[in-house]
Amino acid sequence: MATLADIKTRIITETNRDDLSDVLAAQLLLHIQRACEFHADERFWFNAIVAPANTVAGVATVAVPAGVRRVDRLTIPGSYIEVREIQLGALQTLTAGVSGLPDRYAYYNDTLKLYPVPDAVYAMEITGLAQIAAPAADGDSSAWTNEAQDLIVARASFTLYRDQFRDTTGAQIAAGAAAEALGRLKRETARRLTTPLRAGRPRRGFNINHG
């Protein structure tokens, strides 16, 4: 498995900047971590997540589980319910004191506020994006250093050329490499997350922009 050290070695080699291994080593790490954060809200097959969460009877909120970066969909599978997201302000205008099976929610500060207030314990499923930490130590290994390695190398190289070296030509080349790597990942994500073919129904493709 590739590690942060492998990412650093590639960037140093491909930019032909040995100073990134010593005097600019801290800058190299910073640009790699910023590259990971820049793409953290992109949907890829490796950061898609389905996490469980349970309601509490009489409690209107559910905490977003640790490790979930973004909530895209909320369902109650046992009741065949998809809970619809609305704005917090809109939810607060609804009739207070109503309890039952939740059918609406609003996201606020890593918390899901439900309406109606749950009248029982309901097993929910949160579909969204996982939080994948940017590597910090040379031995760290994750999807950023493996599946997304080409993307992170290109993005970090681009910002180094643009912000550190003030090299317009290098930045343009790296930007092209980043766009190419992102395109490959999106195509692979579409292939992996396409809805399976069902009898009597047309095949429906996964939309990288909408999920």
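Guide: Before we start, two strands pair if DSSP finds at least two bridges between them. Also, keep in mind that this is a predicted model.

Visitor: In what order do the seven strands of the open sheet sit?

Guide: The sheet is open and its pairing is mixed. Reading across the seven strands, the order is E1-E9-E3-E4-E6-E7-E2.

Visitor: Which strands stand at the edges, with one side left without a neighbour in the sheet?

Guide: Look for strands that have a single partner strand, since one side of each is then left without a neighbour in the sheet. Those are E1 (48–54) and E2 (61–63).

Visitor: And which residue in E6 is the bridge partner of Glu 85?

Guide: Strand E4 covers residues 81–85 and strand E6 covers residues 104–108, and the two pair in the parallel sense over two bridges. On the E6 side, Glu 85 has as its bridge partner Tyr 105.

Visitor: Moving to the helices, are H2 and H4 parallel or oblique to each other?

Guide: Helix H2 (residues 25–38) packs against helix H4 (residues 149–164) with the axes 8 Å apart and an angle of about 125 degrees. Angles from 65 to 115 degrees count as roughly perpendicular and those over 145 as roughly antiparallel. The pair is therefore oblique.

Visitor: How many nonpolar residues does the contact of H2 with H4 have?

Guide: On the H2 side, the residues include Leu 28, Ile 32 and Phe 38, and they meet H4 residues including Ile 152, Ala 156 and Leu 160. By class, the contact has four polar and two charged residues, while the nonpolar ones number eight.

Methods. Residues numbered from 1 in each chain as written. Predicted model: local features only at pLDDT ≥ 70, side-chain atom pairs only at ≥ 80, totals over all residues. Heavy atoms only, no water. Helix = DSSP H or I, 4+ residues; strand = E, 2+ residues; numbered from the N terminus. Axes fitted to C-alpha atoms, helices over the stretch in contact; angles between N-to-C directions. Parallel < 35°, antiparallel > 145°, perpendicular 65-115°, else oblique. Contact = heavy atoms within 4.5 Å. Nonpolar A, V, L, I, M, F, W, Y, C, P; charged D, E, K, R; others polar.
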